[in-house]
Amino acid sequence: MNSVVGQPISRVDGPAKVTGHAIYAAEFNLRNMVHAALVHSTIAHGRIDQLDTRDAEQEPGVLAVISHLNAERLPYEPLEKRPPVDPKAGEQLHVFQGPEILFVGQPIAVVIAETVEQARTAAALVQVAYHEQVATTEVRHDRAQPPTEASSKAGRGGGSRGDAEKAFAKAPVKVDMWCSHDREHHNAVEPHATIAEWFGDHLTLYDKSQWVDNVRSEIAHVFGMPAENIRVVSPFVGGAFGSALRTWPHVTIAALAARQVGRAVRLELTRRELYVSVGYRPRTEQHMQLGAEADGRLVAIIQDAVAPTSVYEEYAERTADPVLRTYSCPNVQARYRLAPVNANTPCPMRAPGIATGVMALEIAMDELADGLGMDPIELRLRNYAENDEAKGVPWSSKALRECYQTAADRFLWSRRSAPPRSMRNGRLLIGYGMATAFYPAERAPASVQAILYANDTAVVRTASSDMGPGTYTAMTQLAADTLGLPIERVHFELGDTEMPKAPVHGGSMTLASVGTAVVDACKALMANLPAGEMAEGHGARLRRAGLESLTATGHSEPGDEANKYSSAGFGAVFAEVWVDPDFGTVRVPRIVGAYDVGRVINPKIARSQCLGGMVGGIGMALMEQAEWDARLGRVMNANLAEYLVPVNADVTDLDVTFVRSSDEIFNPLGAKGLAEIALCGVAPAIANAVYHATGKRVRHLPIMPEKLLVD
Amino acid sequence: MDSQGPLPSTPASRFDIGLIVNGTSHRLAVDARTTLLDALRDRLHLTGTKRGCDLGQCGACTVLLEGRRINACLTLAVMVHGRAITTIEGIATDGELHPMQTAFVQHDAFQCGYCTPGQIMSAIGLLNESRTTDEATIREHMSGNICRCGAYTNIVAAVRDAAARGS
Amino acid sequence: MLAFSYVVAPHAETALSLVCGGSNATFIAGGTDILQLLQEGVIAPPSLIDINALPFSGVQTEQGEARIGALTRLSDVADDPGIRQRFPLLVQALQETASPQVRNMATVGGNLLQRTRCLYFRDATVPCNKRQPGSGCPAWDGLNRINAIFGGSDRCIAANPGDMAVALLALDADLLVQNVEGERRMRLADLYRMPDENPQHETTLASGELITAVLLPSNEAAGHSYYLKVRDRASFEWALVSVAAALEMDGTRVHRARIVAGGVGTKPWRLMRVEEALQGRPLTPDLARQAGNRAGDGAAPRAGNAFKVPMLQRAVERALLTAGGIA
């Protein structure tokens with residue numbers, strides 16, 4: 001039978017998705033389900049003086065209005081070990097446990113009613129009086145502090161080697177600049193939603209989640225109940241990009257409301273509510289200094305990054321990683337500092353921290369190449385990191401040179417005229433830019449159950465997730481090949497805490513972690529298969545042995561390789577921009593990316609991931625920005641009309657190539673992970689192309705027209 | 001009241017309305033404030049029509065109203081009383097996918113799948129408008145449907161393919 | 001969204017009688033803006049009067065003055081052969097309005113009355129003089145990137161967001177308006193009010209008045225007109241700046257010019273200085289640039305929207321070059 005791994009097969013969940021039969025969190029139709037709507041604080045800091053729910057309670061259909069005045073006291077038991085998706089320091093928001101207000105949009109009450117219209121109407125009728133206190137609504141660099149030890153231990157505190165200050169001072173060629181990207185919101189098209197239903201002391205949650213096991217453990221701690229009493233179901237996730245890694249307060253609210261009214265409760269957030277209910281990529285300002293010899297070799301890299309966190313939690317990112325690990329450089333210092341503001345806590349968004357660090361480093365590298373009069377690719381090759389100099393170990397695999405070569409060839413980089421503002425098409429200024437992409441590869445323990453049936457079908461399951469990258473399909477391919485079954489006979493299931501534990505569906509870890517466990521489980525199944533004739537099918541062997549089915553479990557976890565090697569995905573991204581000099585508008589007619597992501601299980605779906613990363617990068621480079629009014633402590637463009645994301649007309653030619661690569665040191669599949677690297681590098685490649693087109697260096701993303709029009 | 005019957009002639013806040021959805025007549029009780037989107041999802045449990053923003057800014061709720069694509073979130077259910085709606089659940093025939101659905105699967109024109117029903121309904125609306133002549137036209141006229149996973153180039157390929165097969 | 005009552009008006013008289021007399025009832029046609037305003041709690045009318053059954057749909061363009069019924073959907077206007085032939089400027093503006101779905105729903109009358117996209121107007125939890133008279137204008141010293149550079153004050157700098165109205169003003173459109181006493185004809189130019197002391201009052205329509213048709217005089221500009229829209233992303237966005245240029249040419253000379261800008265004014269903004277600069281002169285690249293440079297005359301930009309002045313100047317220049325066929 002032909003192998004399906006490595007083949008561009010169509011998504012196995014495709015028919016469910018194109019017919020509308022794929023069921024997302026808000027769409028479970030439970031008997032007697034009622035609806036919840038939130039009331040939010042309108043001040044940034046203070047206390048609730050009075051909360052008048054009488055009008056709301058009079059509304060037809062209203063069953064309850066729950067606030068700190070009447071909510072049950074929740075234990076919020078401390079977690080012995082925080083899940084990796086939660087901030088490492090601080091304390092999560094305790095909902096309805098007191099009158100304190102820490103940010104605009106904090107949930108202060110929930111209305112439960114028979115219909116969603118009734119609930120929303122009643123929520124608008126809750127009257128609140130506040131005692132307001134002075135709020136911190138702007139990042140103050142002078143108050144920014146390094147992350148606490150807990151965050152630093154998790155690799156989020158920065159790092160250094162050599163003496164970067166000294167080397168920078170002596171360097172003959174220097175770049176010294178500030179850059180930033182604005183606050184971005186995930187804005188998956190599916191809003192977050194939770195349905196909660198209690199059966200005695202057992203709770204079932206239908207939730208939008210990238211990690212059902214985490215929802216279970218967090219809610220168990222919040223309610224002080226055994227995790228076994230909680231089931232979390234999440235078969236389809238309508239995009240998340242990191243926003244559904246954590247378990248947010250609204251999940252607790254849904255569970256709390258359902259217990260109080262004794263009915264199944266659905267809480268579906270509105271688009272505007274998403275801006276205050278789940279996290280966001282924090283605006284990060286970075287001071288970058290590069291020192292180089294006249295031949296382009298880096299002698300010093302200094303980064304000082306400042307980002308906001310909330311006043312109640314310390315959310316820290318790995319913003320320093322790219323600076324520490326992308327290039328060979330003897331003297332590196334990466335500082336990362338956080339400033340608390342009265343806002344909801346940020347959270348990971350596709351390539352958290354890494355995309356931010358890559359952006360600053362790659363714009364700085366472009367400036368350095370420009371200063372040296374050197375081709376940007378040549379500069380990167382001269383500083384090629386043969387080892388991971390931060391960890392002092394070799395890479396388990398690295399084919400970045402091939403990425404540069406492949407992408408440059410496909411892009412026709414040789415046609416680039418080097419001086420800025422030297423390429424035109426009529427009135428339009430044309431620019432070519434490039435950047436390196438980098439994302440660390442990691443994996444985590446995963447378990448999988450595989451069941452073979454006597455009718456020659458198999459079911460493989462694990463509590464993983466598929467927010468879009470194709471988990472269903474890739475795992476089905478791996479299982480089919482390992483079991484020697486046609487793909488139609490293998491059914492893969494995920495997104496249920498009843499299934500074996502899987503790691504968080506984030507950090508580009510799923511394929512390497514879960515996939516390895518899928519293969520392990522299927523191999524175990526094959527090993528236990530009763531003996532039979534060569535040509536005899538699995539089912540026939542089971543039947544002859546009198547078995548209806550055979551079950552095996554598989555497991556995988558990182559081994560010693562994580563200490564001996566460093567693993568990462570690499571890529572090279574090239575962008576062309578057309579800038580209208582009269583209006584400052586930038587369009588991106590094409591992007592070419594070449595990636596070293598290890599073995600590719602499904603090139604069709606892997607390509608789609610990279611296309612998506614390119615589109616996300618166009619957004620980051622040119623249009624995505626939460627417009628924060630510090631006086632009012634809130635995002636004012638909290639919708640999808642004024643918070644701009646790319647639309648179809650913004651995207652033209654996207655070209656994706658995977659260079660030959662397989663990393664069997666990292667994991668037996670040879671796959672390194674893909675989701676995040678697809679975003680890294682896109683925004684700086686575009687920014688560098690804009691410089692090349694216009695001669696104007698915009699260091700603060702997004703590059704809106706005014707930044708090119710007004711000095 | 002049949003699904004074509006008149007609504008009350010004086011202002012009211014509750015209505016018994018008729019909707020013809022995918023060729024089937026439904027009678028349902030709605031508030032004046034109930035949107036077509038809520039009626040489809042919460043009353044008729046046709047959840048293929050997706051909620052993304054409730055403000056007409058994402059296109060996930062695109063359905064056909066008598067063959068023309070509209071945003072179900074920007075329409076009160078009572079306003080389309082007695083009229084024919086086509087949703088994603090109504091375009092496959094006898095278990096055979098609509099060519100647009102097939103093309104979306106073949107071209108991997110989605111990732112998470114959440115905007116997909118709206119994209120497909122919008123693309124069928126586009127076909128009805130005969131606006132599939134070239135890629136630039138498709139891109140422009142599919143720009144009312146946001147795909148946050150960024151499948152746009154594959155969506156354009158799928159629409160071209162389905163249009164070619166239909167012609 | 002607060003509860004409201006709803007009724008379909010079978011006749012214009014019914015509709016008008018339900019809305020007049022301080023009832024605070026609101027007409028609803030396409031619903032594309034009303035639903036957003038309801039969902040976000042920006043408005044909370046006690047009653048919606050559905051006017052879709054009224055006989056105000058359809059386009060007549062055979063000869064002389066063209067008439068577009070106020071209930072005609074934007075997509076139907078844009079696809080109308082007569083409009084395409086005689087008023088390509090209007091078609092261009094409509095094709096760049098909103099999304100195809102919205103254009104299939106939104107009506108001509110409703111689109112003329114769409115509310116501002118000012119971020120503070122659309123968030124019901126913050127002050128806004130237009131939404132809550134006397135509460136203040138946070139946009140004045142706040143996030144005003146999309147706000148007006150013409151016609152505002154510290155009371156209100158909300159920009160009119162329309163595309164179609166900009167084109168119609170350049171085409172010198174009139175409106176037919178009906179009230180309980182009958183029908184009146186007015187100039188589109190007289191529809192919009194300056195915010196002045198009362199930014200909550202956006203139009204000169206009295207309570208209980210209904211736009212029933214747009215009337216377009218014959219003009220000679222069809223061959224020399226252009227709608228240019230500048231926006232951050234390539235589609236599905238309101239204008240940062242737009243320009244409707246309608247030129248009636250006498251050979252190479254500009255016989256008559258109507259130049260109107262969108263995205264920059266508290267109402268669709270006629271650029272009289274630009275028109276004066278063009279009047280009677282041969283249209284050349286130099287003239288287009290000079291005239292474009294007059295487009296910012298009288299602008300009072302704020303920190304966040306100062307870029308609109310040079311953007312508008314160059315947009316006018318470009319629109320003139322394109323309309324004049326010398327781009």
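This tour moves through chains A, B and C of a predicted model, one selection at a time.

**Stop 1: the domains of chain A**

Start with chain A and colour it by domain. Domain 1 covers 25-134 + 189-239 + 244-277. Domain 2 covers 142-184 + 281-441 + 564-709. Domain 3 is a single range, 443-557.

Now keep domain 1 and domain 3 of chain A on screen. Their centres, taken over C-alpha atoms, are separated by 35 Å. The two domains touch: 17 residues of domain 1 of chain A are in contact with 13 residues of domain 3 of chain A.

Which elements should you pick on the domain 1 side of chain A? Helix 6 (212-223) and strand 12 (230-233) of chain A each supply at least two residues there. Helix 6 of chain A gives the most, with four residues. Colour this side of domain 1 by residue class and you get nine nonpolar, five polar and three charged residues.

**Stop 2: where chain A meets chain B**

Bring in chain B. The contact between the chains takes 46 residues from chain A and 47 residues from chain B.

Select helix 1 (14-19), helix 3 (116-123) and helix 17 (603-622) of chain A. Each supplies at least two residues of the side of chain A that touches chain B. Which helix of chain A gives the largest share of that side? Helix 17 of chain A does, with eight residues. By class, the side of chain A that touches chain B divides into 24 nonpolar, 15 polar and seven charged residues.

**Stop 3: strand 3 of chain B**

Hide chain A and select residues 62-65 of chain B, which make up strand 3. Show the side chains. B:T62 and B:L64 point one way from the strand. B:V63 and B:L65 point the other way. Are these four residues buried or exposed? All are buried.

Next, add strand 4 (residues 68-71) of chain B. Strand 3 and strand 4 of chain B pair in the antiparallel sense over four bridges. Look across the pair at B:V63, which stands opposite B:I70. These two strands form a hairpin with two residues between them. Click on B:E66 in the turn: its phi is positive, about 50 degrees.

Then add strand 5 (residues 84-86) of chain B. Strand 3 of chain B pairs with strand 5 of chain B too, again in the antiparallel sense, over two bridges. Here B:L65 stands opposite B:I85.

**Stop 4: the sheet of chain C**

Switch to chain C. The domain assignment gives domain 1 (5-52) and domain 2 (222-323). The C-alpha centres of these two domains of chain C lie 36 Å apart.

Now select the three strands of chain C that form an open sheet in the order 1-3-2, with parallel pairing. Strand 1 (5-8) and strand 2 (26-28) of chain C stand at the edges, each with a single partner strand, so one side of each has no neighbour in the sheet. From one strand to the next, the twist averages 30 degrees.

Focus on strand 2 and strand 3 (residues 47-50) of chain C. Three bridges join these parallel strands. Along this pair, C:I28 stands opposite C:D50.

Finish with helix 1 (residues 12-19) of chain C. Which strands does helix 1 of chain C lie across? Helix 1 lies across strand 1, strand 2 and strand 3 of chain C. Helix 1 of chain C runs at about 165 degrees to strand 3 of chain C.

Terms used
Residues are numbered from 1 along each chain as its sequence is written. Chains are lettered from A and ligands numbered from 1 in the order in which they are written. This is a predicted model: local features need pLDDT of at least 70, side-chain atom pairs count only at pLDDT 80 or more; totals for chains, interfaces and linings use all residues. Domain bounds come from an automatic or database domain assignment. A residue is buried if 20 or more other C-beta atoms lie within 10 Å of its own, exposed if 12 or fewer, and partly exposed in between; C-beta atoms are placed from the backbone. Two strands pair if DSSP finds at least two bridges between them. Two residues are in contact if their C-beta atoms, placed from the backbone, lie within 7 Å. Ala, Val, Leu, Ile, Met, Phe, Trp, Tyr, Cys and Pro count as nonpolar, Asp, Glu, Lys and Arg as charged, and the others, Gly among them, as polar. Axes are lines fitted to C-alpha atoms, for helices over the stretch in contact, and angles run from 0 to 180 degrees between N-to-C directions.
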